[in-house]
Amino acid sequence: MAEPTRVLIAADKFKGSLTAVEVARHVAAGLRRAAPGVVPVALPVADGGDGTVAAALAAGFGRRAATVTGPVGRPVGAAYALSGDGGTAVVEMAEASGLRLLPPGRLAPLTATTYGTGELLRAALDAGARDIVLGGGGSATTDGGAGMLAALGARFLDADGRPLGPGGGALAALDRADLSGLDPRLARTRIVLASDVDNPLTGPRGAAAVYGPQKGASAADVAALDAGLAHYARLLDGGRHAGAPGAGAAGGLGYGALAGLGAAFRPGIEVMLDVLGFATALEGAALVITGEGSLDEQTLHGKAPVGVARAASGTPVVAVCGRLSLDAAALAGVGIQQAYALTELEPDLARCVAHAGPLLERLAVRIARDYLG
């Protein structure tokens, strides 16, 4: 008797519409409708940004809750994921310091802090984790990770010996950076910074210039933040890590992790595929279905679908998405044989978002007919 056909569904979220778990569920439903003998295997993925903890939870990690300091200083509920043996934690900075945690209509480009991310890391240490994946994405902050380091025991003082206020706007007043009080457990902990952003800390491709405006920074704010980050880096480690890939991730939190915590930077999707057990899930699969909300030029620079295609080891890969702006040659260049977009079925974007689930099931039916017939 022939073995059933296994299809691995390893897609990211459709931002603003479906979580990665929901994407997998709808794709699986469409496959089963068109090809009842198919066995869909769901492995929701993430690239270090929003949804990273959710992907770990879907893979069997346990949810751990904590109350931490939000980006504007108010307490917020946050969560991280802990492996069954308690040794590995997945911490998503957006859970503690993300844009989505800002009060409605209020951006705080100069004062938003990563202090809560440091508290979340400390909670993971308290739980016994000694391998920590720190996802950097979706931040409200541009403080270079100074808040995170302060929560873990570092001291940042002005010329009068007073602690700096929160946010990147305060960094210009930094006179002394003292890391001697960092939690000693960090020296025995392996931290991997997982992000799809490889920008440096400062300059035209830096954290303030590229990402500051979407956090509410004016042109003057961007200049002040960039100068403050450069000053901070000179005092923290002589600027040695400021140009490193990933230093500009999450408003410079990447730099704080690299320079202050000794973290290693890796593309977020590569890290998460390892953590989630992609290689094991791939075994015996006849097809891999990946995807995200928009397959566009950004996708080609380390986003989840490309990471999945590269890790597929010769197994055919197709993608689902809300919108598609890549041609067949660009897709083939990263190992994706074909892409199916919701807009093929419903050109109206608002209706695509509102009815993404049923539309995705219809695309899965097409995939089954094209690849599993």
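The paragraphs below lead through the strands, helices, salt bridges and cysteines of this predicted model. Local features are reported where pLDDT is at least 70, side-chain atom pairs count only at pLDDT 80 or more, and totals for chains, interfaces and linings use all residues. Residues are numbered from 1 along each chain as its sequence is written, and side-chain values use heavy atoms, with hydrogens and water left out.

A good place to begin is the open sheet, in which five strands follow the order β2-β1-β11-β12-β13 with parallel pairing. Strands here (E, at least two residues) and helices (H or I, at least four residues) are DSSP runs numbered from the N terminus, and two strands count as paired if DSSP finds at least two bridges between them. The edges of the sheet are held by β2 (39–42) and β13, each of which has a single partner strand, so one side of each is left without a neighbour in the sheet. From one strand to the next the twist averages 25°, where axes are lines fitted to C-alpha atoms, for helices over the stretch in contact, and angles run from 0 to 180 degrees between N-to-C directions. Within this sheet, β11 and β12 are paired in the parallel sense over seven bridges, and V288 has V317 in β12 as its bridge partner.

Helices lie across these strands. Helix α11 (residues 304–311) lies across β11 and β12 and runs at about 160° to β11, whereas α14 lies across β11, β12 and β13, running at about 150° to β13.

Helix α14 (residues 356–371) deserves a closer look. Its 16 residues should span 22 Å at 1.5 Å a residue, and the end C-alpha atoms are 22 Å apart, which agrees; the expected span is taken as 1.5 Å times one less than the number of residues. Buried residues (under 20% relative accessible area, against over 50% for exposed and in between for partly exposed, with a 1.4 Å probe and protein chains only) in this helix include A356, G357, L359, L360, E361 and L363, and also A364, V365, I367 and A368. An α-helix has 3.6 residues a turn, so residues three or four places apart point the same way. The elements that cover the buried residues of α14, by contact (heavy atoms within 4.5 Å), include α1 (20–34), β11 (285–295), β12 (317–324), β13 (338–341) and α13 (349–354).

One of the buried residues of α14 also takes part in a salt bridge, a term used for a side-chain nitrogen of Lys or Arg within 4 Å of a carboxyl oxygen of Asp or Glu. The side chains of R33 and E361 meet in such a bridge, at 2.6 Å from N to O. Because R33 lies in helix α1 and E361 in helix α14, the pair ties together parts that are 328 residues apart in sequence. R33 is exposed, with a relative accessible area of 51%, while E361 is buried at 15%.

A second set of strands is centred, for this account, on β6 (residues 131–135). Four of the five residues of β6 are buried, so this strand is largely enclosed by the rest of the structure. Strand β5 (residues 88–92) runs parallel to β6 and is joined to it by five bridges, with E92 standing opposite G135. Five bridges also join β6 to strand β9 (residues 190–195), again in parallel, and here V133 stands opposite V192.

The β6 and β9 strands are linked by side chains as well, since D131 forms a salt bridge with R190 in which the closest N and O atoms are 2.7 Å apart. D131 lies in β6 and R190 in β9, so the pair ties together parts that are 59 residues apart in sequence. D131 is partly exposed at 26%, and R190 is exposed at 53%.

Across the whole structure, a search finds 15 salt bridges. Among them is the pair of D274 and R266, at 3.0 Å from N to O; D274 is exposed at 52%, and R266 is partly exposed at 30%. Salt bridges that share partners also join D126, D183 and R185 into one network.

Finally, the cysteines: the count of disulfides (pairs of cysteine sulfur atoms within 2.5 Å) comes to zero. The cysteine sulfur closest to that of C321 is in C352, at 9.7 Å, which is too far for a bond. C321 is buried at 0% relative accessibility, and C352 is likewise buried, at 5%.
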